Each structure stands twice: as structure tokens, then as C-alpha cells.
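User: I should like to learn how to read the features of a protein model, one at a time. Please give the general idea first and then the case at hand.

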Amino acid sequence: MQVNYDKGMLYMDSLSGYSGNKGYSTLGEINFPVDNQQTKQMDEDALAIMQSKPVLVPGKEGMRDNRIVQAVYQAAQTGKTVKIG
């Protein structure tokens, strides 16, 4: 995924990797290694449910991610900038 914005750019390879996120931006290299993101999130969700605590990643974040992906598809189909907000 590549995002160009007014003051720079962001490139991620891949957009959402299960073993970490790598890429670069105008500010430099991005390298967030994760052993297995999906396993960690599922384990954290199970613990939160068992302990009656908030989940690590609330559903609102998933909804936000979905809006972003839909905007990417719309931009790809129309060739136009799609603002999110």
C-alpha cells in the first residue's frame, strides 16, 4: 500500500501482515515485528472475556479499518482522491 499526502508519503509491505508491519515513510523506516499478530489478538480477546476486561482491539477499530479499505477500493475504481473523515 502506498499513500501520498501533502507533506510526504507512506509505503507498507504488506498493508496488514500477521507477522509484523514493514515499510517506510517520509519520516523513515517502519518495522514493527510481531510473532503472530492474529494469535496474540485472539489470546488477548479470550483473556479479556474471561477476566471481564475491555478487549485489546475494540470493534470500532475494525469498523474504521473497513472504512479505510472501502475508500481505497473507491479511489482505485474512480481514480479520484477519497477523503476519510
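Analyst: The dialogue below takes up strands, a surface patch, a pocket, salt bridges and one backbone angle. This is a predicted model, in which local features need pLDDT of at least 70 and side-chain atom pairs count only at pLDDT 80 or more, while totals for chains, interfaces and linings use all residues. Residues are numbered from 1 along each chain as its sequence is written, and side-chain values use heavy atoms, with hydrogens and water left out.

User: How are strands defined, and which strands pair with β3?

Analyst: Helices (H or I, at least four residues) and strands (E, at least two) are DSSP runs, numbered from the N terminus. Two strands pair if DSSP finds at least two bridges between them. Here β3 (residues 20-25) pairs with β2 (residues 8-12) in the antiparallel sense, over 3 bridges. Strand β4 (residues 28-33) also runs antiparallel to β3, and 6 bridges join the two.

User: Which residues stand opposite one another in these pairs?

Analyst: Between β2 and β3, Tyr 11 faces Tyr 24, and Leu 10 has Ser 25 as its bridge partner. Between β3 and β4, Asn 21 stands opposite Phe 32. A hairpin through 2 residues leads from β3 to β4.

User: How many bridges does β1 form with β2?

Analyst: Strands β1 and β2 are antiparallel and share 4 bridges. Within this pair, Gln 2 stands opposite Tyr 11. Tyr 11 is thus named in two pairings, with Gln 2 and with Tyr 24. The connection from β1 to β2 is a hairpin through 2 residues. As a general idea, side chains in a regular strand alternate between the two faces of the sheet.

User: Which residues make the nonpolar surface patch?

Analyst: Patches are made of residues with over 30% relative accessible area and no salt bridge; like charges are joined within 9 Å, and nonpolar side chains (Val, Leu, Ile, Met, Phe, Trp, Tyr) within 5 Å. Accessible areas come from the Shrake-Rupley method with a 1.4 Å probe, and for residues only the protein chains shown count as cover. In this model, Met 1, Val 3 and Tyr 5 make a nonpolar patch of about 240 Å². Val 3 belongs to strand β1 (residues 2-5).

User: Is Val 3 to be called buried, exposed or partly exposed, and why?

Analyst: Buried means under 20% relative accessible area, exposed over 50%, and partly exposed in between (1.4 Å probe, protein chains only). Val 3 counts as partly exposed because its relative accessibility is 31%.

User: How is a pocket read, and which residues lie nearest the centre of the second largest pocket?

Analyst: Rolling a probe the size of a water molecule over the atoms shows where empty space is left. On a 1 Å grid over the protein atoms alone, a pocket is an open set of points where a 1.4 Å probe fits, with protein on both sides within 12 Å along at least five of seven lines; lining residues have an atom within 4 Å of a point. The second largest pocket is lined by 14 residues, and Gln 2, Val 3, Asn 4, Val 72 and Val 82 lie nearest its centre. Two or more lining residues come from each of β1 and α2. Val 72 is in helix α2, and its C-alpha lies 7.6 Å from that of Val 82, 10 residues away in sequence.

User: How many salt bridges does a search of the whole structure find?

Analyst: Side chains of opposite charge can pair when their charged atoms come close. The cut-off places a side-chain nitrogen of Lys or Arg within 4 Å of a carboxyl oxygen of Asp or Glu. The search finds 2 salt bridges. Glu 44 pairs with Lys 40, with the closest N and O atoms 3.7 Å apart. These two residues are separated by about one helical turn, because they are 4 residues apart in helix α1. Asp 65 and Arg 64 also form a salt bridge, at 3.3 Å from N to O.

User: Where does Ser 52 lie, and what is its phi?

Analyst: Ser 52 lies in the loop between α1 (37-50) and α2 (59-78). Its phi is positive, about 50°, although Ser 52 is not a glycine. With a relative accessible area of 70%, Ser 52 is exposed.
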